[in-house]
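Hi everyone, thanks for making time. I've got one structure to show you today, and I'd like to talk about charged side chains. Let me put it up on the screen.

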Amino acid sequence: MHIHKFEQFWIKLSFGLIAFFIATVVYGFVSMDLKVIGDYQTIDPQGLDATPFGTPGVREVTRNGATEYEVYVQTLQFAFVPGTSSPITVPANTRVTFYITSPDVLHGFDVAGTNLNTMSIPGQVAKFTTIFPEAREYGIVCNEYCGPAHHIMEGIIKVVP
Ligand code: CUA
């Protein structure tokens with residue numbers, strides 16, 4: 001069978017490209033060394049009881065002579081702890097640092113209407129600091145699919161004057 005040499009050229013080129021794309025995927029997997037970048041901390045997701053996450057909630061702390069707040073949150077299938085029955089209550093215009101982790105699966109922690117949004121990853125502690133400028137209520141939603149009742153996962157932050 002005769003194949004025209006231009007046709008041969010394009011056949012070889014297309015197989016070459018397929019081999020190249022597969023090679024890039026293989027290289028990506030082989031050299032993969034995924035790490036969470038930034039200010040993070042690892043934690044045993046089965047041992048949260050022995051950490052501040054064992055008593056989730058709001059703590060008042062003094063830092064550099066000023067009053068600040070720390071909030072420890074567990075994300076569970078299918079609730080935030082503290083959840084809607086005990087809203088996270090913090091004052092406006094004060095530094096609030098959130099520490100968030102998960103004992104089960106990947107969840108999200110998204111404070112609706114703000115740019116506060118993080119994943120909650122088993123084995124990792126997510127941390128961010130914010131100041132709420134006004135007294136109002138915010139809803140918290142989980143924006144990572146975490147199971148059949150993902151959509152009922154919600155929380156509340158009450159910012160008080
Ligand atoms: Cu938790 Cu979706």
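So, Arg63: buried or exposed? With a relative accessibility of 31%, Arg63 ends up as partly exposed. Keep in mind that what you're looking at is a predicted model.

Now, who does Arg63 pair with? One partner is Glu68: their side chains form a salt bridge, with N and O 2.8 Å apart. Glu70 makes a salt bridge with Arg63 as well, and there the closest N and O atoms are 2.5 Å apart.

What about those two glutamates? Glu68 has just 7% relative accessibility, so Glu68 counts as buried. Glu70 comes in at 11%, and the cut-off for buried is under 20%, so Glu70 is buried too.

Okay, back to Glu68, because there's another salt bridge here, to Arg95, at 3.3 Å from N to O. Where do these two sit in the fold? Arg95 is in strand S6, which covers residues 95-101, while Glu68 is in strand S3, residues 66-76. So this pair ties together parts of the chain that lie 27 residues apart in sequence. And Arg95 itself is partly exposed, at 42% relative accessibility.

Put that together and you get a network: Arg63, Glu68, Glu70 and Arg95 are joined through salt bridges that share partners. How many salt bridges does the structure hold? The count is 3.

If you want to trace it on the screen, begin at Glu70, go across to Arg63, carry on to Glu68, and finish at Arg95. That's it from me, happy to chat about it.

Terms used
Residues numbered from 1 in each chain as written. Predicted model: local features only at pLDDT ≥ 70, side-chain atom pairs only at ≥ 80, totals over all residues. Heavy atoms only, no water. Salt bridge = Lys/Arg side-chain N within 4 Å of Asp/Glu carboxyl O. Buried < 20%, exposed > 50% of the residue type's maximum accessible area, 1.4 Å probe, protein only. Helix = DSSP H or I, 4+ residues; strand = E, 2+ residues; numbered from the N terminus.
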